[in-house]
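Biologist: I am new to this structure and would like a close look at one helix, beginning with what counts as a helix. Could you then lead me from there to a few other parts?

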Amino acid sequence: MAPEEGGQISIPEIIRKKRDGETLQQEEIRYFVQTLGSGRSREGQIGAMLMAIRLKGMEPSETVVLTREIAASGTTLDWPAQWRGLLVDKHSTGGVGDKVSLPLAPALAACGCKVPMISGRGLGHTGGTLDKLESVPGFSVSQSPEQMKEILERIGCCIVEQSQYLVPADKVLYALRDVTATVDSLPLIISSILSKKMVEKLSALVLDVKFGSAALYHTLESAEQLARNLVSIGNQLGMKTAAVLSRMDEPVGGRVGNSLEVLEALQCLEGGGPGDLRELVTTLGGLLLWQSGRASSVPTGATQIGQVLDNGAALHTFQAMLQAQGVEAEVSRLLCEGTEEQRLAVLKVAGTQEELRAPEEGMEWARALPIAQVLHGLGAGRTQEGQPVNLRVGAELLVSTGKRVAKGTPWIRIHHDAPRLSQTHRETLEKALILGDVEPFTPAAKVVKILLPPGESAMPGSQRERKGVPEKVQAEGPWE
């Protein structure tokens, strides 16, 4: 035990201090993190500490220390010196149909970046990047640090799972947050997200913080609080960190479900696909290119990302990444160069497809949460870590937001392996379709606000800020 004024550090004393709203010292936070998984702290004590943090919060300085200590609990990835300034990544707080990482990582690599993307699996109603990629036969998300380095050297990007050697303390805390009702604690969210990014030794990080009825945070205000804290602490930890606030009331794109989302990601990589998916990919990618100095402005960076999507460079990189992570050459060729029928043959199709029809005429939009809940019930999601998922289960939206739908028009197609949808599933899906007697309209942009890091390059009045930041960012600004 480390010495403390008047005695020794102990887990009960650390819990008491936080329970009473006191600020913990660096040595106390370090001691608590070092006991995780070592047997020196009991599960009940860890749960009590999580609840104390949830109820009393942490000072920014405490959260910085907690994040650093969690990152230091395992191996740190080591990269060649010449990669300095090129290492970038993104993180999303989770949504429905959020397949952004699949086209974004290869697009950034095609622009000269190195993208060591450590991703997660779906939990609850939100999907996971690793589950989507595992719908591709042969794709291996398990890569050692040495394998990651070799793939980055050759291809420029990899998408992998968190290994047992990386931030093991986070795994202990993450597993207990759900069962202790502390998932929504800001310090715990921030330390979990940023500790995993710290071990990647990133030059730049962008965070997609979602808000809306299908997001962790339902309001823009609450999501913005998280985003500002992430940007502030990420920059204190030495990563150039920015965030976007994006809507999550409707799904991203028109397809939801693991294998179906791979299909839509491939459309984006071919320069097509849904406009909202491309908006997110180019915005997040443009920010990262600007932050890492590979673009003179955010709009210029977004244009560069659009160019590699349109000219096939991003698709070629994605195909190379698939092969580097275990996919046979012919399978990757069929996926990246084949027709949709050939792609479906590779990814496999669910045994049943059922369509629902609009009960009346009107202008439509589709709520994401009820759709995700039905797919989850059909096997597309998990209620606890480690559960298998049915990668073929999914949904296709057959009509576009803001367009008039005639009565009896099919509006959604559900892919599943049950004999048929239950009455409960149908009733839940009916709640997803919103029909209104209004004029046709254009859907709102997904990205609502961009928060840039403080500092010389982004402060109001600087040459780079005037040249590089969109007008809406300059008007709102993250510098209150």
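Modeller: A helix here is a DSSP run of H or I that is at least four residues long, and helices are numbered from the N terminus. Please keep in mind that the model is predicted. The helix to begin with is α1, which covers residues 11-19, and α1 is followed by Gly21, a residue whose phi is positive, near 80°. Within α1 the buried residues are Ile11, Ile14, Ile15, Lys17 and Lys18, where buried stands for a relative accessible area under 20%. Seen down the axis of α1, these buried residues fall within an arc of 160°, so they line one face of the helix. The spacing behind such a pattern is a general one: an α-helix has 3.6 residues a turn, so residues three or four places apart point the same way.

A charged residue is found buried in another helix as well, for Arg177 lies in α8, residues 168-179, and because its relative accessibility is 8%, Arg177 counts as buried. If residues up to four places away in sequence are not counted, Arg177 touches Leu50, Thr182, Val183, Leu188, Ile189 and Ser192.

From single residues we can turn to a pair of helices, α5 (residues 101-110) and α13 (residues 298-310), whose axes come within 9 Å and cross at roughly 100°. That angle makes α5 roughly perpendicular to α13. On the α5 side the contact is made by Ala107, Leu108 and Ala110, which meet Ile305, Val308 and Leu309 of α13, and the residues of this contact divide into six nonpolar, no polar and no charged.

The last part is an open sheet of three strands, arranged in the order β12-β10-β14 with antiparallel pairing. Strands β12 (404-405) and β14 (433-436) stand at the edges and have a single partner strand each, so one side of each is left without a neighbour in the sheet. Strand β10, residues 362-366, is joined to β14 by four bridges, and the two run antiparallel; here Trp365 stands opposite Ile434 in β14. A helix also packs on this sheet, namely α18 (residues 423-432), which touches both β10 and β14 and whose direction makes about 45° with that of β14.

Notes
Residues numbered from 1 in each chain as written. Predicted model: local features only at pLDDT ≥ 70, side-chain atom pairs only at ≥ 80, totals over all residues. Heavy atoms only, no water. Pairing = 2+ DSSP bridges. Contact = heavy atoms within 4.5 Å. Axes fitted to C-alpha atoms, helices over the stretch in contact; angles between N-to-C directions. Buried < 20%, exposed > 50% of the residue type's maximum accessible area, 1.4 Å probe, protein only. Arc of directions from axis to C-beta. Parallel < 35°, antiparallel > 145°, perpendicular 65-115°, else oblique. Nonpolar A, V, L, I, M, F, W, Y, C, P; charged D, E, K, R; others polar.
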